[in-house]
Amino acid sequence: MWKLKVADGDNNDPYIFSTNNFIGRQVWEFDPDYGTREEQAEVEAARENFWKNRHLIKCNSDLLWRMQFLREKNFKQTIPQVKVGDGEEITYEIAKTAMRRGAHFFSALQASDGHWPAEIAGPLYFLPPLVMCLYITGHLDTVSQGITYTNEDGGWGFHIEGHSTMISTTLNYICMRILGEGPDGGRDNACARGRKWIRDRGGVTSIPSWGKTWLSIFGLFDWLGSNPMPPEFWLFPSFLPIHPANMLCNCRMVSMPMSYLYGRRFVGPITPLVLELREELFLQPYNEIIWKKVRHLCAKEDLYYPHPLIQDLMWDTLYICTEPLLTRWPFNKLRQKVLEVTMKHIHYEDENSRYITIGCVEKSLCMLACWVENPNGDYFKKHLARIPDYIWVGEDGIKMQGFGSQEWDTTFALQALLACNLTNEIGPTLKKGHEYVKDNPSGDFKSMFRHISKGSWTFADQDHGWQVFDCTAEGLKCCLLFSLMLPEIVGAKMEPGRLYDSVNILLSLYKNGDLAAWEPATAPKWLEMFNPTEFFANTIVEHEYVECTASAIQALVLFKKLYPGHRKNEIHNCITNAVRFIEDKQMPDGSWYGSWGICFTYGTWFALGGLAAAGKTNKNCLAIRRGVEFLLKSQRDDGGWGESYASCPNEEAKSKGFMSANTLEADTGNNCMYPKVLSLYETVISICIYPKVSSLYETVTYAMYYVTQTGPYNDLNGIYIIDPNGASISVNCMLQQLCPYRHAYLSLYQLRISSLPTSYFPYNCLAIRGGEFLLKSQGDDSGWGQLSFLPEGKYIPLEGNKSNLVQTAWALMGLLHSGQIDPTPLHKAAKLLINSQMEDGDFPQQ
């Protein structure tokens, strides 16, 4: 039976090391003698129950470690269960009883080192690359089994809730075949059904770019079928905007090993299994495929972010012109040198993360790169020793986590328990948690394109080493709250110097009041045009987030109260501008988009908490009133809230709130034969070559083609345009100048340009869909009008208008932050939570 081990590591093993004696580490170990027959039967029953209901509830309940911990601590709920009847009021005693039951149950789930274990998984493309890597390197015994997460159509989704995609279906099919399943094997004919799904869509030639890379590595694709990833990129001078230091750290860390493996044109051993897969996954014979013709193919199921034309032009230039030169003498000497530099970067990042790396995608790639460099080297062996840090076992099988979430989960767990005000009952739990959360990284690795990290907290454990700024804010907030309590109960408070370090790193992120997640968001946003992935958006550069900003406000406000003299003006300015950022990011319906949870409910909870911490109330802040209105409007009849994950990708796809020039001008394109998406490059060229476009206002109109034709783009700070005189100006600044008059101006300007011939516009192609939009949005008085430039997105409720308890708790906390006056919706939500509590004090997975 599987057993979760905490803070476990062998200090005598030369291939694994720790900065804090492995505190926070959580790894699973299979012990055939662990557990009684009854306990083993209980685990098997949980697995079978999940399998039977996997299409109804796709999230597992993490039962295996809960069973283990509750059994080891001999936990029995002794506080009687309470329910609220119809028409019955919620009394203080009822609410407190439910709270105490939850607090005692939750305390029993705390690990011996003070943190709360949990899995952070869900995406279904995480595990297969690890299995492929271990197969190539001959270490497959590290992973021994798994369970299929197929959709009803036979494919695998990008994540457990998602529709089937080519990349996930292909990689999981290969994974099952590696793990010993035959072409028709797997439970419920999983392999046969998955293969049919792939072949029905033309075979794997249309797999997205990341999939092409892994198939090339595995011997199922030719590198000629992938777009170039030249490692020479790592030698670019720092003054170029396209430079490694400007990349989002996750993107940077994926690109490093990918470019190394591409530069080496590495291909794993061609085994009999690889030859079989070549026949199973392609419609045509493998040796007859014209690889250069499949580089830009992507299955429609995977195409979330279509490449703009300028990106494809860049790939074609590299493919046709650059790569043939760099792979031939004398330029191949440069490539060899660059590959050495790339591995130097990889080794640096590996060492600073104790070979955990920043995340699971990078883990498999960096580990394989180390093996390719030296199959018997210590670097690869150190990677092998840290594979267990990513593996999680639940009743749904073995998974690979994105990374750990120990710090993040623990800081919120402690804040919840502190809010219960039950120190006399759960004091030991609080003390252990406080000791754990004080153990933040002390290193300062400002090198190799890295930002400072001293004083930060990670998302996972200290050994992970990568600073995350909302984790830092929540960790700082926890330590400040504990500093207000008696040290005899919760332990010694954190030293002021370490608190100052945390404040310093938060202020280092401060730009205009907004805060990012990993590193300062200083790179121009137009670099997102070069996002090579088809299934992700916003992956190239760091972005600012409402949640991170709100967490920082709460932490800095509390710090300011306790240490009023430390960097007073900087903190005041940061809070003031952060509040303005949150207010500016509010959607037209009153919600906020949440990037790290589902979705508008999650973002609104954080935003209201941040505004309230800064002194905003229902009475003095319109944003809070509108946020409350959104929450009340989306409350279900049973008192709860329930939002679908589909709200998240939907926000990226909708542009209802844009006052877009290309929709205002759509009727000039009546003669277009097809719509065409304009790239920024084309936009700048078109602005420069048309002499009639002479005014600043006309230039805005053309620049906005890019913003709206390529999809919603709610941050225009990084978009620059050029007027006919050669001056460059930020589109966002220009729109602010036009603010009072832009609707009237653009509408009047439309009257003038509507008579221009279609040939006047670049490539004779204004979007037909813009005209369809105009016809749909025309008012009864034959006019058009919109209130906001902000993308509205769309809140999508759960199917059947069901409620979700976690989202209900978020929304309820948001209303409490706001000072909601009418208690009726609060009581309805509280009633749902109380009545949903289970006999042991837990709440059901949904």
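Against which elements do the buried residues of α2 pack? I opened the notebook with this point, working from a predicted model.

**Entry 1: helix α2**

I listed the buried residues of α2 as Leu64, Trp65, Met67, Gln68, Phe69 and Leu70. I found that they pack against β1, β2, α1, α3 (92–108) and β3. I then looked at what follows the helix and came to Asn74, whose phi is positive, near 55°. Asn74 has this phi although it is not a glycine. I placed Asn74 in the loop between α2 and α3. With a relative accessibility of 58%, Asn74 counts as exposed.

**Entry 2: the chain as a whole**

I counted 31 helices and 8 strands in the protein chain. Of its 846 residues, 57% count as buried. I looked at contacts between residues at least 6 apart in sequence and noted that 76% of them join residues at least 24 apart. The chain exposes about 35300 Å², of which carbon and sulfur atoms supply 55%.

**Entry 3: strands β1 and β2**

I examined the side chains along β1 (residues 2–6) and found that they alternate. Trp2, Leu4 and Val6 point to one face and are buried, whereas Lys3 and Lys5 point to the other and are not. I recorded that β1 pairs with β2 (residues 26–30) in the antiparallel sense, over 5 bridges. Opposite Trp2 I found Phe30 of β2.

I next took up Asp10, which lies in the loop between β1 and β2. Its relative accessibility is 41%, and Asp10 therefore counts as partly exposed, the bounds for that class being 20% and 50%. A polar atom of the Asp10 side chain lies 2.9 Å from the backbone nitrogen of Asn12. Setting aside neighbours within four places in sequence, I found Asp10 in contact with Ile16 and Phe22. I also noted a separation of 9.3 Å between the C-alpha atoms of Asp10 and Asn21, which are 11 residues apart along the chain.

**Entry 4: strands β3 and β4**

I turned to β3 (residues 391–394), where Ile391 and Val393 point one way and Trp392 and Gly394 the other way. All four of these residues are buried. I found β3 paired with β4 (residues 397–400) in the antiparallel sense over 4 bridges. A hairpin joins the two strands through 2 residues. Trp392 stands opposite Lys399 of β4.

**Entry 5: Asn60**

Is Asn60 buried or exposed? I found a relative accessible area of 9%, so Asn60 is buried. I located Asn60 in the loop between α1 (37–52) and α2 (63–72). Its side chain reaches the backbone nitrogen of Asp62 at 2.5 Å. The Asn60 side chain also makes a polar contact with the side chain of Asp396, at 3.3 Å. Not counting residues up to four places away in sequence, I listed Phe50, Glu119, Tyr149, Glu395, Asp396, Lys399 and Gln845 as the residues that Asn60 touches.

**Entry 6: helix α6**

I noted the buried residues of α6 (residues 190–200) as Ala190, Cys191, Gly194, Arg195, Trp197 and Ile198. Seen down the helix axis, these buried residues fall within an arc of 155°, so they line one face of α6. What covers them includes α5 (166–178) and α9 (272–281). Just after α6, I found Gly202 with a positive phi of about 95°.

**Entry 7: nonpolar cores**

I looked up the largest nonpolar core and found 199 residues in it. Those with the most contacts inside this core are Ile174, Ile217, Phe218, Leu281, Leu368 and Trp518. I followed Trp518 further, leaving aside neighbours within four places in sequence, and found contacts that include Leu248, Ile358, Phe403, Trp466, Phe469 and Trp596. Among its contacts I also noted Asn250, Gln467 and Glu542. Apart from the largest core lies another, of 6 residues, including Val82, Val84, Ile90 and Ile94.

**Entry 8: backbone details in two further loops**

I checked the peptide bond from Trp329 to Pro330 and found it cis, with omega near 5°. Pro330 is in the loop between α10 (309–326) and α11 (331–352). I then noted Asn421, which has a positive phi of about 55° although it is not a glycine. Asn421 sits in the loop between α14 (406–420) and α15 (423–437). Asn421 is exposed, with a relative accessible area of 62%.

Note on methods:
Residues are numbered from 1 along each chain as its sequence is written. This is a predicted model: local features need pLDDT of at least 70, side-chain atom pairs count only at pLDDT 80 or more; totals for chains, interfaces and linings use all residues. Side-chain values use heavy atoms; hydrogens and water are left out. A nonpolar core is a set of buried Ala, Val, Leu, Ile, Met, Phe, Trp, Tyr and Cys residues joined through side-chain atoms within 4.5 Å. Buried means under 20% relative accessible area, exposed over 50%, partly exposed in between (1.4 Å probe, protein chains only). Contact means heavy atoms within 4.5 Å. The arc is that of the directions from the helix axis to the C-beta atoms. A polar contact is a pair of N or O atoms within 3.5 Å; within protein, one must be able to donate a hydrogen and the other to accept it, and residues adjacent in sequence count only if both atoms are side-chain atoms. Two strands pair if DSSP finds at least two bridges between them. Accessible areas come from the Shrake-Rupley method with a 1.4 Å probe; for residues, only the protein chains shown count as cover.
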